[in-house]
Amino acid sequence: MAETAKSTITNIPQDHLFSILLRLPIESILSLGMTCKKLKSLAYSDPLWESICTREWGRPQIDALETSNHRHHTVPWMKLYQQVRYLDSAMCRRLIPKEEIVPKPRASHSLNLVSRVLVLFGGGCEGGRHLDDTWVAYTGDLLSIRTPLQWLRVSSGIPSGRFGHSSVVIGNCVVLFGGINDHGIRQNDTWIGQLVFDQTSLGFTFSWKLLEVGSTAPQPRGAHAGCSIDDKTMLIHGGIGHSGLRLGDTWVLQLSEDLCSGTWTEVETSRPCPSLRSGHTLTHVGGAQCVLFGGRGPRHQVLDDVWLLDPVPGSWEWAKLYFEMGDIPHGFTLPRVGHSANLVIGGRLLIYGGEDSYRHRKDDAWILDISSVQARERDTGKMWRRLELKGDRPVCRSFHGACADGSGRFLYVYGGMADGLVEPADSFCLRFDGECFMLDLLQHTSL
């Protein structure tokens with residue numbers, strides 16, 4: 001009887017077996033691969049594991065790995081999958097600027113990656129002043145250790161100076177909302193910056209313009225969280241409004257097809273929902289789902305809660321995600337504000353830096369596994385794993401800028417409030433940082 005069943009399975013056409021295996025959990029695929037030579041050959045084949053990576057990480061990340069020359073087919077897809085699944089370290093590299101003309105050290109700025117070009121805007125600097133400058137830097141040649149980072153300043157239609165604004169990537173554009181100037185005035189204007197490549201000179205230009213959004217817009221705020229959820233939609237949440245009051249509302253910006261205008265709409269969300277907060281993160285994780293983490297609450301407490309925002313028919317639904325505190329090694333704490341959270345390879349979130357309720361800045365990095373989140377399992381069990389940072393490890397920092405490339409392999413970090421030597425007269429022990437780092441999550445794989 002067993003021989004008959006075996007013969008029946010192995011007689012199934014190869015392409016049908018491929019489709020069947022691709023619909024199974026990883027453990028089942030490996031178990032079937034132990035039954036006979038034919039199934040082992042298929043279960044361990046490179047085409048199958050490339051399809052599995054595509055299934056679990058998404059087509060955009062796979063395409064980015066292929067087209068950005070980060071992968072040269074020297075590593076089997078199965079090995080790459082295993083490394084990403086059990087990711088426990090990243091290699092850090094300080095990016096040395098090419099010229100003496102570089103961005104001024106800053107914090108609470110924005111840093112985005114648009115078509116392999118870093119876009120840095122605004123922030124606060126020494127003396128409590130805001131900045132209104134925009135800088136761009138091409139990252140396409142940075143795989144070579146000897147290649148310096150060349151910053152160029154942009155002077156076209158720059159928004160007024162601010163810090164604590166939100167800035168998200170939509171296509172070849174950056175959409176910016178809100179922020180606070182050095183007089184403490186909150187903003188609620190919306191800007192769009194477009195990156196344009198010059199085919200003749202093989203260079204690029206970047207220019208800003210004020211986006212027409214009509215009379216309805218979120219109230220002025222800063223230190224809020226934002227993300228994009230598709231090529232025409234931006235989402236913001238919370239922040240600090242007038243009189244320093246923390247907010248908990250959610251708004252969606254829908255852009256027009258020509259990206260010349262947009263419409264803001266307040267989102268009606270379900271209860272329970274996240275408490276009022278600022279300095280938190282909101283990260284798109286696939287579909288229209290977003291994950292919110294941390295921040296500072298209405299009583300100035302620093303938070304460590306995780307929420308999933310998920311659209312359901314007729315409304316948006318918040319769901320709190322629970323995790324085991326046993327996941328967190330002794331000596332480390334999760335509550336933080338002014339951190340960064342980016343979607344990286346494998347469909348996971350990388351949480352980096354920030355500060356606790358005593359304003360102690362952090363230099364730790366964590367992988368937040370959201371695979372079960374997207375499967376709508378609310379009690380997700382083991383979600384957190386600490387990521388060891390090697391190489392040119394950055395000093396502790398908060399309110400920095402961070403962004404990941406399209407493949408999710410590289411994370412770029414710039415600036416922030418950093419630990420280090422301070423002037424004796426500086427009673428607050430604050431130091432604005434102006435260094436840029438690149439974290440490589442696959443440094444140990446010969447891609």
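1. In this predicted model, strand 9 and strand 10 make up a hairpin that leaves five residues between the two strands, and within the turn Gly184 adopts a positive phi of about 80°. Strand 9 covers residues 173-180 and strand 10 covers residues 186-198; the two run antiparallel and are joined by seven bridges. Within this pairing, Cys173 has Gln194 of strand 10 as its bridge partner.

2. Strand 10 also pairs with strand 11 (residues 203-210), again in an antiparallel arrangement, and here eight bridges join the two strands. Ile192 may serve as a reference position for this pairing, since its bridge partner in strand 11 is Lys209.

3. A further sheet deserves a separate point: four strands form an open sheet in the order 2-3-6-7, with antiparallel pairing. Strand 2 and strand 7 are its edge strands, each of them pairing on one side only, and the twist from one strand to the next averages 25°. Between strand 2 and strand 3, which run antiparallel, there are five bridges, and Leu111 stands opposite Leu120 of strand 3. As a general background to reading such sheets, side chains in a regular strand alternate between the two faces of the sheet.

4. The loop between strand 2 (110-114) and strand 3 (117-121) contains Ser115, a residue that has a positive phi of about 50° although it is not a glycine. Ser115 is partly exposed, its relative accessible area being 35%. A comparable entry for the reader's list is Phe399, a residue other than glycine whose phi is positive and near 55°. Phe399 lies in the loop between strand 24 (397-398) and strand 25 (401-404), and with a relative accessible area of 26% it is partly exposed.

5. Turning to the aromatic residues, the count of ring pairs comes to nine. One of these is formed by Trp57 and Tyr81, which are stacked, with 6.3 Å from centre to centre and 5° between the planes. Because Trp57 belongs to helix 5 (residues 46-57) and Tyr81 to helix 7 (residues 77-85), this pair ties together parts that are 24 residues apart in sequence. Trp57 and Tyr81 are both buried, and together with Trp49 they form one aromatic cluster.

6. Trp151 and Tyr414 provide a second example, with ring centres 5.8 Å apart and planes at 70°, so this pair is edge-to-face. The two residues link distant parts of the chain, given that Trp151 is in strand 7 (residues 151-154) and Tyr414 is in strand 26 (residues 410-418), 263 residues apart. Trp151 is buried, with a relative accessible area of 7%, and Tyr414 likewise counts as buried, at 0% relative accessibility.

7. How are the buried residues of helix 7 placed around its axis? The residues concerned are Trp77, Met78, Leu80, Tyr81 and Val84. They cover an arc of only 160° around the axis, and they therefore lie on the same side of helix 7.

8. The largest nonpolar core has 40 residues, of which Trp57, Leu80, Leu350, Leu387, Leu389 and Leu441 touch the most other members. Trp57 thus appears both in this group and in the stacked pair with Tyr81, while Leu80 is also among the buried residues of helix 7. Leaving aside residues up to four places away in sequence, the contacts of Leu350 are Ser340, Ala341, Asn342, Val344, Ala365, Trp366, Ile367, Leu387, Leu411 and Leu441. A second core, separate from the largest one, has 17 residues, including Val285, Phe293, Leu368 and Trp384. In soluble globular proteins, nonpolar side chains tend to be buried together.

9. A last point concerns Ser28, which lies in helix 3 (residues 26-32) and, at 30% relative accessibility, counts as partly exposed. Ser28 and Ala43 are 15 residues apart along the chain, and their C-alpha atoms are separated by 9.9 Å.

Technical notes:
Residues numbered from 1 in each chain as written. Heavy atoms only, no water. Phe/Tyr/Trp six-rings, centres within 6.5 Å; stacked < 30°, edge-to-face > 60°. Buried < 20%, exposed > 50% of the residue type's maximum accessible area, 1.4 Å probe, protein only. Arc of directions from axis to C-beta. Core = buried A, V, L, I, M, F, W, Y, C linked by side-chain atoms within 4.5 Å. Contact = heavy atoms within 4.5 Å. Pairing = 2+ DSSP bridges. Axes fitted to C-alpha atoms, helices over the stretch in contact; angles between N-to-C directions.
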